[in-house]
Structures are given as structure tokens and as C-alpha cells.
Amino acid sequence: MNHMITVNKQQTKDGLLVELVGAIEENVHLEQMIGPVKGALVVNCKGVTRINSVGVKTWMKYFQGLKGQGVKFKFVECAYPIIEQLNMISNFSCGGDVESILLPYSCVKCQNEFVASCTTAELRASGLTVPAARCEKPDCAAQFDDDPEEYFYFLED
Amino acid sequence: MSKEVLLISDHPDDPSFLAEVVQQVGAELVTVPDPQRAMDHLESRGFAAIFFDVTKISKLRSLEMEVQKRFGLLGEQVQASRMHFISDKPLSEKREVIQSPFFGSFFQRPNGNSEEAGKYYGRILSAGEEKGSNFLVRFLGEEGDVQEVSLTRSAQKQEAAEAVRNYLLQGRVPARIANTLTNVVDELLMNAIYDAPSDEFGKPIYSVTSRNEDRMLTGRESVEMKVGFDGNYLGVSVTDHFGSLDRTRLLNHVSINYRDQEYKVRQGGAGAGLGLSSILSTGGSLLYHCEDHKKTEAILITRVFESYRDFRAQFRLFSARFYG
């Protein structure tokens, strides 16, 4: 059942690295799944496939709680479901830093979909310009598969 | 259906869009530039549909005043179910129109291919001419191969949403579009399972119930989902048997904009319209047909593109029709 979420955890000397894979919905209990956080928390969101409205509530409750406890947290490799929420809900990051995001591309020749990772610092430095990207195919004609203005809305000052 | 459609607009792009709409529904188009000149037409006959440019809110208020003066707000001449608001901005940036008693359908003026948008709108209008639950079949035709599933337990929601996802992926729909549409189906089912059931006084029964609590969906609490895909358009409808949808609440939820205000997490299961507000921002049209105390059918119609960018930019409408 591919809609069940998986939480992969790795404790490092600086803190806890957590990777979320799957859909964030009503059966997801982040507090239980992530457990106690020692040090800072880094949340890798590249495997998030979708997040429904109950998932959004769960997410915000959890991260607002962490913020209240004074835990530092950041999000890396945020996939489009997270980007969509960041763009739609002004306080979705709950004070966490969005360090890097995934940029969606699709090839106009072969319709191949792929993503490229980019830090938000690089994007801001470039004036929110979409970086060029290619897949492995030699004749790749990849284009950014979204509206840059919408996709980078949350990064605008 | 009456054979005339009234357009109240002086925007240069609207007549060509409406020309396609009326061709689809087999009607004649009557165009006037302002509400004052519309009154004489409205006084003399009924129209199958009225399209009104709400770019300037003062014109909408003027229409409301004129109608009230001549016919009374409950007059037959102008009914919300036959009114289509044309706007220059999305609903989230035009929230003042939801206060109008004439709010029925709303769309942002097509940016680009108005011929195709007009044909699409005409198809939707034709399919919605008759009340009843066959909207999807009428819209998609035989090619749509509309299939129906009844949910017997609330825990089947995720399975049903994932079944739609798999159906789309098998149809070679790009994964991101499939995931987005799965989320929409998830939200529609959640509303039907948890928000629609209400007691004899109209009080919601499960508003504070956890959304992962499993329960039987029997009798009035049963929920039906229909899915069809004609190769271009995907249609999904979800029907509950309460007809408890509150018009004001619905319009508030679909037009809310959490970009400008913070989302405050509340206790209980409901998400303060997060699901509904997200549906309209993702791509596709959302139509509600609510028969008071009988049933509510929520319908998603979306064109499936090869790229998400095109999917997101597609022409769409929102419609809320309430019947007594």
C-alpha cells in the first residue's frame, strides 16, 4: 500500500535527520513516528507524495509544538506537495528554515518527469531564476514544469 | 431549456467566449453592456443562463439593486443557479462576490484559448441542465466509462483515493497530476464522510470526530463515488445523502486565502476549509449540486495534460447550485 508513510531516522552528532516518504494524512502521527528530538531536527521531504488537509493540521501542530519547545528544525529537499502548502499557507513552515527544494522538470520530447534539487539561498541569489536542468538522455528537452512565479511565491520578500 | 442566454458585459473578450458557450447549448446570445439595460430584457422573458461581468463590484451592486427594485430578490428572473459571474481575478482575490445573493457560478476570464474554454463551459452547462446524479455521464459521454463505487466504511476513503491514483497512473497521467487529483478526491470523500452527516436540527454529527476513526457507512451515511475519464477530461463525483451543505460556509471556504492570513490550527477533525481552498488552486473545476436535506453531489472536472504547468493553468470554474 503505497499511501502509508514511512519515516526513516538517523541520529547524527548535530541532531536528528528524518526522511518522510509517502502521503501525510489522518493516519500520520508525527510525534509518535519521529519520537524525541535530541539537538536540531532536519526533515527531508523529497519522498512526500501528497498531504491532505488533516495532514496539514498534523504537520502544523507538530512543528508549532517543536517551535514552542525551542527545538531548531529545518526542511530540506522539499517536494512539490510541501512547496504547494508553503505557497498556500503563510505560516506552514512554522518558523523552520526551508533550506532546499526540489524543482520539477518534464521533457517536451519524451515526457520524462524528473526533479532537481536547489538551495533556496541559490535561488534567491539568482533572483528566483529557474536553473537549467537535463535528464540522462542525450537529446533531453526538459522544461520547468510549473509556473515559476507561483512555485517560488513563498521565497519572495 | 429556454433558448436564450444573456450576457451583461462590456468586456471585449466576453462575446467570443459566449459565442462558443451558446453554440454548445443550442441557444441564442443576447448581449447588453450594463445592468440597467439588462432589466428590460429580464422583465420581458426568462433566460436559461445569465453571464455577468463582476470585474467592477459597483456593477454587481447595481444589478442587485435593480433586480430588487423591479422583481424583488426572490424573483424568478434572476436566480443564483442560473447566474455565472465572469471575473478578471481568481475567486480568492475577489471574495466580495460571495456575499451576493446571485452567486451561483464563477470563473476567471480565460487567458488565451477562449474558444476551447467556451466549448468546455458549454459542455458543463449542457450536462447540468437536468437535475439528478447523471452529470458525469452526460458530460463525459459513453467514452467516459463512468464507474460507481459505494463506500461501506470510512476507512475505505484512502483505498478509494488510491484507486483513483492507480487508475490515473495506469492511464499514463503524469505522477504529479495523479497525486494532486488523488488529494482532491481524498478531500471530497472526507467532506462527504465526516462533514455532511447532520442530525435532525442540522447540527453536524462528526465535526469533532477524528478523521482516522473507522465507522460503518450505512443508510443515509453511505457515500457514492463515480469516476470517469474520456481520454481528455477526468470526472469524479462524490455524493452524500444529507444535503446539509451550508452555502455561506462553502463559499467562505472555497474563497479563503491563507497566503494573506495565518492558518490557526483548531481542535477537532475539520480543517477550516483547507481542503476546499486547496482544490480550486490546483487545477480543475469544482461543482456542487445540493438538494436540501436530500443529497449533495460534489463534482470535479479536470482536463488531464501531459505537463503539470498546463494542468495548473487550465481554464476552470466553480459552481454551487442549491435546490430547495
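**Exercise 1. Burial in helix 3 of chain A**

Task: Determine which residues of helix 3 of chain A are buried in this predicted model.

Solution. Step 1: list the buried residues of the helix, which are A:Tyr80, A:Pro81, A:Ile82, A:Ile83, A:Glu84, A:Gln85, A:Leu86, A:Asn87 and A:Met88. Step 2: set the list against the helix, where nine of nine residues are buried, and helix 3 of chain A is thus classed as mostly covered.

**Exercise 2. The side of chain A that touches chain B**

Task: Describe the contact between chain A and chain B, starting from residue counts and then naming the elements on the side of chain A.

Solution. Step 1: 26 residues of chain A are in contact with 28 residues of chain B. Step 2: on the side of chain A, two or more residues each come from strand 3 (40–51), helix 2 (53–68), helix 3 (80–88) and strand 6 (100–107). Step 3: helix 2 of chain A gives the most, with seven residues. Step 4: sorted by class, this side of chain A has seven nonpolar, ten polar and nine charged residues.

**Exercise 3. The two domains of chain B**

Task: Locate the domains of chain B and characterise the side of domain 1 that touches domain 2.

Solution. Step 1: domain 1 of chain B covers 4–126 and domain 2 covers 132–323. Step 2: their C-alpha centres are 26 Å apart. Step 3: the contact joins 16 residues of domain 1 of chain B to 16 residues of domain 2 of chain B. Step 4: in domain 1, strand 5 (105–108) and helix 4 (114–127) of chain B each supply at least two residues of the touching side. Step 5: helix 4 of chain B has the largest share, five residues. Step 6: the touching side of domain 1 consists of ten nonpolar, four polar and two charged residues.

**Exercise 4. Nonpolar cores**

Task: Find the largest nonpolar core and state which residues have the most contacts inside it.

Solution. Step 1: the largest nonpolar core has 91 residues, and B:Val5, B:Ile50, B:Phe52 and B:Leu189 have the most contacts inside it. Step 2: its largest share, eleven residues, comes from helix 7 of chain B. Step 3: both domain 1 (4–126) and domain 2 (132–323) of chain B contribute at least three residues to this core. Step 4: another core, of 42 residues, lies apart from it and includes A:Val48, A:Leu123, A:Phe154 and B:Tyr258. Step 5: return to B:Phe52 and leave out residues up to four places away in sequence; B:Phe52 then touches B:Ile8, B:Ser9, B:Leu63, B:Met83, B:Phe85 and B:Ile86.

**Exercise 5. A helix pair in chain B**

Task: Give the packing geometry of helix 2 and helix 3 of chain B and the residues of their contact.

Solution. Step 1: helix 2 (residues 35–44) and helix 3 (residues 57–70) of chain B pack at about 35°, and their axes are 10 Å apart. Step 2: the crossing is right-handed. Step 3: helix 2 of chain B contributes B:Pro35, B:Gln36, B:Met39 and B:Glu43, while helix 3 of chain B contributes B:Lys59, B:Ser62, B:Leu63, B:Glu66 and B:Arg70. Step 4: these contact residues are three nonpolar, two polar and four charged.

**Exercise 6. B:Thr209**

Task: Is B:Thr209 buried, partly exposed or exposed?

Solution. Step 1: place B:Thr209 in the loop between helix 7 (175–195) and strand 7 (223–229) of chain B. Step 2: count 17 other C-beta atoms within 10 Å of B:Thr209. Step 3: a buried residue needs 20 or more and an exposed one has 12 or fewer, so B:Thr209 is partly exposed. Step 4: for a separation, take B:Thr152, 57 residues away along the chain; its C-alpha atom is 18 Å from that of B:Thr209.

Conventions. Residues numbered from 1 in each chain as written. Chains lettered and ligands numbered in written order. Predicted model: local features only at pLDDT ≥ 70, side-chain atom pairs only at ≥ 80, totals over all residues. Domains from an automatic or database assignment. Contact = placed C-beta atoms within 7 Å. Helix = DSSP H or I, 4+ residues; strand = E, 2+ residues; numbered from the N terminus. Nonpolar A, V, L, I, M, F, W, Y, C, P; charged D, E, K, R; others polar. Core = buried A, V, L, I, M, F, W, Y, C linked by C-beta atoms within 7 Å. Axes fitted to C-alpha atoms, helices over the stretch in contact; angles between N-to-C directions. Left-handed = near helix turned anticlockwise from the far one by under 90°.
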